[in-house]
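Work through the exercises below with the model open. Try each task before you read its solution.

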Amino acid sequence: MLKKILIANRGEIACRIIKTARKMGIKTVSICSNPDLNSPHVNLADEYVNIGGNTSTESYLIIGKIISAIKETGADAVHPGYGFLSENVNFRNEVQKIGKIFIGPPSEAISSMGDKIQSKKIAKSAGVSVVPGGLEVIPDIKEALKQAKEIGYPLIVKASAGGGGKGMRVVFNDEELKGSFNSAVNEAKVSFGDDRVFIEKFIEFPKHIEVQVLGDQFGNFVHLGERECTIQRRHQKVIEEAPSIFVDNILRKKMVSQAIQLAKAVGYYSAGTVEFVVDKDKNFYFLEMNTRLQVEHPVTELITRIDLVEQMIKVAAGEKLPFTQDAIKFNGTAIECRIYAEDSAKNFLPSIGRLTRYIEPKGKFIRVDSGVVEGSEISMFYDPMISKLCSHTKSRKETILEMINALDKYLIEGVKTNRDFISNILQNPKFEEGNYSTAFIQENYPNGYNSYSTEISNKTQLYAVTTFVNYKYLLRAASISNQLKGFNKTVENNWCVIDKNENFDVSISFNNFNKSYDIYVDKKYVNLKSNWNIGYPLFSAIIDNNLLYFSIKRNGPRYVINHKGALHNILVLSKRHSELNKIMIPRKKEDKSKFLMAPMPGLLVSILVKKNQVIEENQPLAVIEAMKMENIIKSEKKTKIRKINCKEGDSLEVDQVILEFE
C-alpha cells in the first residue's frame, strides 16, 4: 500500500482526498499557491509545499513545480483531484518518468477521452450512440458557419479540451454563432491552454445523465449507477442527484452497458464517468468521458456506500476491485448542491471577498464537502465554488426537504452566494416532478434570482419569528438595565411588524403551561417554542408543531430574515412608533443609471463600444474575466456613450466606473 500521497489540487477536493488517505493510514502532502498558503487543505495535510504564484497558470498548472514538490517530499503517488492537471496526459507521463504512481487512468485513456473530437470517434467505433457533428476542429468562424448549415441549428460550440462548462456556447442562428464563437475560443485558451473548438447538434429539452464506472488493472469493471446533472447554468452543473427520477430500468440497463463498453474499448481503469445527453423520448447520445473523479461523486458514494477515492488509490496501487456488480447495493436517493460565490440577483456574476461568518449545517442526513473556514478568502484567481452540500434519505421527497432545511441552516456572510437560488429551485414544482431540461434555469430564471423579490407561502410564521427575536432582545436589555419588575411590565407585548410598507399588528405572550409563546399576527394564532440564544445568527424553532430554520441579522428594530430562499427586511416597532414611521420622508436613492460599473473584480478583456456611439438595449458593452469565466456586460437601454474611463487590460475593482452614458 502507498505510504504518502501528494494532492495536486486545492480547496474542497484536496480536503476530501486527505480525509480518505488519513482513514487508510496514508500520509498526505498539499501544494499551494501564495493566496492559498493558510487554506484548510494546507493545514489539514501532514506536509505542504508552497509552489508560489497567484493564478492557476502560475501555480497549479505548472507541471515542473509539482514534480519538484513530489521529489522534495518523497511522495509515492499523486492524486490530481479534478480540474487543473487531472486530465493532462503530459502531467501523468512526467509523474511516471520519476517512478511515481499517478492515481488515475492510463495515459492512453486520458489522451483519447480528453479530446472531445477523438473520444467521439472512438465511441462511435465502439458502438456507442453519438450526437450528430463534432468530428473535426473548427478553425475559424467561416468554417463554423459552413458546418452550421450542414448540421442545422440549434448548435453547441465546445472546447475540444477540458470540461466544467468552460468554452461552451449554445447558438440558435448565424448571428449568435458569430457573437459566441470567439468567446468560446478565448475561454478555452484561458481555461485549458488549448483554443480548439468544435460544433455539434444541440439536443433540445435534453437531460444530462452520467454513469459512474470503476475498473481495475485486471480488466474488471463495475458501474455505480447513474447521476442526473440536468440543472445547469452556463453549462456548469448546479444540482446533481442519484439516481435519476427520469431514468427507468430499461434505459438504465442500456446506458450502463454502453458506458462499460466504452471503458473497455479504451483500456480504462480507476474511477471514470461516461456522460450522456438524453432527449425527451429517452434516446441517449454520448457526450464525453471524464477520466477523473467528478465534482458530483459524493451522491454516488452516499447511495452505494463506496468510497471512490479509496478505490482509486487501491486500483492505482495494483489491487483488484474488492466487489462484483452483483454485490453493489443502491440505497435511497441523494442530492448535491454546489454552493457558489456568485450574485444571483446580478445574473450570477462572481462574488469575491472574505467569509466574515461561516457556519455549515450539520445533521444525520447531511454531508458537506468544503475547503473553506470562517475567514477564508474567495479570490478572483480560482473557481467560485465554496462547497458541495449533500442530503441523503430513503426517498427523493425527503431528500429534497432535508436539503431545503440544510440550506436554511447554512450561514455564509462576506460574499454573495447562490444558496437562496438553489433553495428556490428545489421548491419549484417542475423540479419536484423531474419535468425539466438543461434549459431549466435559463427558462425559469432568465434574469437571475433576487431573494428580496421572492414571496414565501407563510408570512405569518416569518412575522412571528421576528417579533419573538425582537421581544427577546428587549427582555435582555430591560434585564441588564434592571427595569424588569414583576412580570415583564416594561416590555411591550403588542407590536407592529412592517414588511414592504404593509403593517401587521402582532401580540406576544409567554405560555407558562407548555413553556412556549403564543403569538397573534393580525389575529392569526402561532405557537412558537425555541431555545435560541441571543446574538446567534441562525434561528430554529418548533412553530405549530413543525421544526423550521431561519437566519437573522439585526440592526436595532430592523431585521433581515432569511427562510426558504426568501429575504425580507422587516421593521418591528411599537404602535406609537409605527404611526410616526408612516409620516417619515423616504430617503432618495442615488441614481447610477448613467454609469456602467464593474459588478465584480476582474480583468477588462475588451471594450466593445466607442465614445459617442449610440447603443441599443441589450447590446454587449464590455467583457470582464473573473474566476476563469468571461462575463459579457450588456446595456439596459438605448443610449449614447459619453465617456470611456478604462482601457482593455485594466484590473477592475467592484463598482469601478467603466463607461458613462448621456
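**Exercise 1: The second largest pocket**

Task: Find which strand gives the most to the lining of the second largest pocket.

Solution:
- Strand 30 gives the most, with five residues.
- Bear in mind that this is a predicted model.
- The pocket itself, the second largest, holds about 770 Å³ of space.
- Its lining has 22 residues, and the closest to its centre are Ile-498, Asn-501, Arg-558, Leu-571 and Asn-581.
- Now list the elements that give two or more residues to this lining: strand 23 (494-499), strand 29 (558-563), strand 30 (566-573) and helix 17 (575-581).
- Last, sort the lining by type: ten residues are nonpolar, six are polar and six are charged.

**Exercise 2: The cavities**

Task: State how many cavities of 30 Å³ or more the structure holds, then describe the lining of each.

Solution:
- The structure holds two such cavities.
- Start with the largest, at about 160 Å³.
- It is lined by 14 residues; Arg-233, Gln-236, Glu-342, Pro-384 and Met-629 are the closest to its centre.
- By type, the lining of the largest cavity has seven nonpolar, two polar and five charged residues.
- Move to the second largest cavity, with a volume of about 30 Å³.
- Its lining includes Pro-80, Phe-102, Thr-291, Arg-292 and Met-312.
- Here the split is six nonpolar, four polar and one charged.

**Exercise 3: Two cis peptide bonds**

Task: Place Pro-154 and Pro-243 in the chain, and describe the peptide bond that leads to Pro-154 and the one that joins Pro-243 to Ala-242.

Solution:
- Take Pro-154. It sits in the loop between helix 7 (141-151) and strand 6 (155-159).
- The bond from Tyr-153 to Pro-154 is cis, and omega is near 0°.
- Take Pro-243. Its loop runs between strand 11 (236-242) and helix 9 (249-265).
- The bond between Ala-242 and Pro-243 is cis, with omega about -10°.

**Exercise 4: Positive phi outside glycine**

Task: Decide whether Arg-234 is buried, partly exposed or exposed, and do likewise for Asp-522.

Solution:
- Arg-234 is not a glycine, yet its phi is positive, near 55°.
- Arg-234 lies in the loop between strand 10 (221-233) and strand 11.
- Its relative accessibility is 34%, so Arg-234 counts as partly exposed.
- Asp-522, also not a glycine, has a positive phi of about 45°.
- Asp-522 lies in the loop between strand 25 (516-521) and strand 26 (524-529).
- Its relative accessible area is 37%, so Asp-522 is partly exposed.

Definitions and conventions:
Residues numbered from 1 in each chain as written. Predicted model: local features only at pLDDT ≥ 70, side-chain atom pairs only at ≥ 80, totals over all residues. Heavy atoms only, no water. 1 Å grid on protein atoms, 1.4 Å probe; cavity = no way out; pocket = protein on both sides within 12 Å on 5 of 7 lines; lining within 4 Å. Points joined across faces, edges and corners; volume = space filled by probe spheres on them. Nonpolar A, V, L, I, M, F, W, Y, C, P; charged D, E, K, R; others polar. Helix = DSSP H or I, 4+ residues; strand = E, 2+ residues; numbered from the N terminus. Buried < 20%, exposed > 50% of the residue type's maximum accessible area, 1.4 Å probe, protein only.
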